[in-house]
Amino acid sequence: MDNPPNTGCTLDPQDWEDLRVAGHRMLDDILDCLEHLRDRPVWKPMPDDARARFRSALPAQPTELPIVYREFLQDILPYALGNTHPGFMGWVHGAGTPVGMLAEMLSAGLNANAGGRDHSAIEVERQIVAWVREIFNFPDTASGLFVTGTSMANLLAVVIARNTALGYDSRKNGIGRNALRAYTSGAAHGCVAKAMEVSGLGTDALRCIPTNRQFRMDIQKLEEAVHADRAVGLRPFLVIGSAGTVDTGSIDDLDAIASLCRKEGLWFHIDGAFGALAKLSPSLAPLLGGIERADSIAFDFHKWGQVPYDAGFLLVRNAKYQLDTFSAPVTYLRREQRGMASGGPYWPCDLGVDLSRGSRALKTWFTLKTFGLEQIGATIAKSCELARYLESKIVAETKLELLAPAQLNIVCYRYRTENSDRFNAELAIAIQESGIAAPSTTTINGALAIRACIANHRTLKSDIDALVSVTLRKAKELEMLYAEQAPSPIDEAGSNAST
Ligand SMILES: *Cc1c(COP(=O)(O)O)cnc(C)c1O
């Protein structure tokens, strides 16, 4: 038989001094990288040889830390998505901050399990919950929970609204056949439909209400849909409003939805993934009028809040509904008045699905305290100003066409040309591959759009100028390429299979 492993061995370093040197080096390298982001391309594709190194065998034996770190520098660091870079404008991505990074390092050192029990990580999370209540003018009875992201927060909200409508017996009996119906706008994020699927209600129970010209939910149509469903014996229970849609940044008329929900007895949930934090900017906050009347709000600190990934959050007006949905007495989680199993009337694990969970609160606490809410609000307002600046440049440029008015921080445009969808999809890729700027794409009123979402506190006017000039330059190059590739008249007569 093999010798038993050396029982004296732990996973701590043999030589702390060596580890300390390695750690300081890593810290310096990553801070250098953040200080000089502009010296690098936004993004570059990972070459095949680097990719191949992530298909290696199980590491049964140890490797020296400096060697593993060298692999990180060689194969991982250069091929990040680039959302830390000021030229990144794709999807909705936060940039993080060096402060947030340091907080994550400390958090990993503490290695707190924030599921519950009596320790500092729980108090830090409670502090954030109290601050979030204040930001959205929610009552002291509101509960809050960090989750991965808004997708998860929306799912928890749908489940809470569902159980509250069906009664908490459904936790035991299941949801069976039921007549529940939920409502959201056609511009809502795809995770809303997924929440309906995962919660067992199914997407057939979700009504997608058309939007108006500003891409906001048509309230009249919402009301009609609720009444029509009720008239045939169905049970409307939930409206999910959007505060910042992913395509155009539009904000539903939250106040009108709140009034309708109150009148009809419906749960009002808001997907405010990025837009909810516009509340931190005095100039933008009025756009969110009515948000304080919601039954629940989902949003992300990792987008406009610039907290490092991940840091989603769910706020629920009445903690009772959240507790009645998720708390579960089990013997090994018995609560005491003193000792480690004390720590308040409820623990985070009573408010959601996760038991073991990292402390997303600590990096958020460091971020909010270090910068202050006013400064974070100012960066949010700045990204909206940059979007308006981009909009004005597109309007002034005859070759470019604005596809949706700039709302909040999002601008959708395209290059005017034939075969526009195919051309603009190629153009967006060419821009990304240039390493200068990185927009994404979406579809606006059936047309493929290049979509720039400015959610990065580092982005400046010069980055917007760079996006426009690289768009025009790459479009010219593509046009020339297509002109060269254009089939001769003979080919064209012979076949049009490629069109
Ligand atoms: C990003 C986003 C989501 C999903 O949030 P995650 O944090 O990625 O899970 C939902 N809704 C909107 C409007 C978003 O922008």
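This report walks through the pocket, the ligand site, the cavity and two backbone oddities of a predicted model.

Residues are numbered from 1 along each chain as its sequence is written, and side-chain values use heavy atoms, leaving out hydrogens and water. Because the model is predicted, local features need pLDDT of at least 70 and side-chain atom pairs count only at pLDDT 80 or more, while totals for chains, interfaces and linings use all residues.

**The pocket**

Let's start with open space: a pocket here is an open set of points on a 1 Å grid over the protein atoms alone, with protein on both sides within 12 Å along at least five of seven lines, and lining residues have an atom within 4 Å of a point. The largest pocket has a volume of about 1200 Å³, volume being the space filled by probe spheres set on the points, which are joined across faces, edges and corners. It takes 43 residues to line the largest pocket, with Ile30, Leu34, Phe72, Leu77 and Met101 lying nearest its centre. Helix H1 (16-35), helix H3 (65-76) and helix H4 (98-110) are the elements that give two or more residues to this lining, and H1 supplies the largest share, nine residues. Helices are DSSP runs (H or I, at least four residues) and strands likewise (E, at least two), numbered from the N terminus. Domain 1 (19-81) and domain 2 (103-329 + 337-370) each give at least three residues to the lining of the largest pocket; their bounds come from an automatic or database domain assignment.

**The ligand**

Around the ligand sit 13 residues, and Ser151, Asp271, Asp300, His302 and Lys303 come nearest (a residue is near if one of its heavy atoms lies within 4 Å). Here are some polar contacts, meaning pairs of N or O atoms within 3.5 Å.

| Residue, N or O atom | Ligand atom | Distance |
|---|---|---|
| Thr150, backbone | oxygen | 3.1 Å |
| Asp271, side chain | nitrogen | 2.7 Å |
| Lys303, side chain | oxygen | 3.0 Å |

Taken alone, the ligand exposes 380 Å², and the protein buries 84% of that (Shrake-Rupley areas, 1.4 Å probe).

**The cavity**

What about enclosed space, where a 1.4 Å probe fits but cannot get out? The structure holds one cavity of 30 Å³ or more, and about 60 Å³ of space lies in the largest cavity. Its lining includes Val92, His189, Phe274, Asp271 and Lys303. Asp271 and Lys303 are also among the residues that come nearest the ligand.

**Backbone oddities**

The peptide bond from Tyr309 to Asp310 is cis, with omega near -15°; Asp310 is in the loop between strand E7 (296-300) and strand E8 (312-316). Phe215 isn't a glycine, yet has a positive phi of about 65°, and is found in the loop between strand E4 (206-209) and helix H9 (219-231).

How values were computed: A polar contact is a pair of N or O atoms within 3.5 Å; within protein, one must be able to donate a hydrogen and the other to accept it, and residues adjacent in sequence count only if both atoms are side-chain atoms.
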